[in-house]
Every structure is written in structure tokens, then in C-alpha cells.
Amino acid sequence: MQKTQVLAIADDPEIVRKLSKTLDLEGCELKVKMTGPQGIQSAIADQPDLIIVDTHLPRETGILALGFLKRSFRTRHIPVVALEGSKRDLSSVVDPQTWV
């Protein structure tokens, strides 16, 4: 069985660590990109099952990436979760039952 592919666009090591640990327990495979442009390129090329975007990336690239991902016909079908705080509980974000 193929693992669920999750793309995280985040540069905060704590967010990445928490996501990695939790998603691994859920049987998901995590790919991390540290900037909005890198994340957009990866989303288009890899077509992940879920994208998680840290909206607090430098120079607002998280917000810009989020907007692009939801407008582009190549990525708008992929569920996207926007993270707005780096120190929050991520359990509801990575629970596949909550993905829309």
C-alpha cells in the first residue's frame, strides 16, 4: 500500500519535527520545502495528497504560496492546511480524518 504523501512548506524546525514525528506515526510520507516558491514547484511536480503551509515564512512567501496553490488548476484540488502559529498542537492538522 502506498503511503499518503504530505508536502510541508515550512522553515521552522519545531514545526517540521512535530509534523515529521506525527505523520510518521500515521503512516504518511513527509516532504519538506523551506520557501514558498520551492513548495509550489514541488506541489506541481509531485501532486501530494495534502499540503501544509506555514503562513509565517519570511517575506510572506507562505501566504503567497497558499494563494497560488488554491488558484492554480494544477494544485487547487489538493487539500491545503494553513498553519498560523509555530508552537500549537498539530494533532488535528495531521489527523487524516479532518482533511477536506
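This dialogue reads helix α2 and its surroundings in a predicted model.

Colleague: What are the ground rules?

Modeller: Residues are numbered from 1 along each chain as its sequence is written, and side-chain values use heavy atoms, without hydrogens or water. In this predicted model, local features need pLDDT of at least 70, side-chain atom pairs count only at pLDDT 80 or more, and totals for chains, interfaces and linings use all residues.

Colleague: Which residues of helix α2 are buried?

Modeller: Buried means under 20% relative accessible area and exposed over 50%, with partly exposed in between (1.4 Å probe, protein chains only). Helices (H or I, at least four residues) and strands (E, at least two) are DSSP runs, numbered from the N terminus. In α2, residues 36-46, the buried ones are G36, G39, I40, S42 and A43.

Colleague: Why do they lie on the same side of α2?

Modeller: An α-helix has 3.6 residues a turn, so residues three or four places apart point the same way. Here the buried residues span an arc of only 165° around the axis, taken from the directions from the helix axis to the C-beta atoms. Exposed Q41 and A45 are on the face turned away from the buried side.

Colleague: What covers the buried residues of α2?

Modeller: The cover includes β1, β2 (28-33), β3 (50-54) and α3 (61-71). As for S42, its relative accessibility is 6%. Beyond neighbours within four places in sequence, S42 is in contact (heavy atoms within 4.5 Å) with L7, K31, K33 and Q47.

Colleague: What follows α2?

Modeller: Q47, with a positive phi near 50°.
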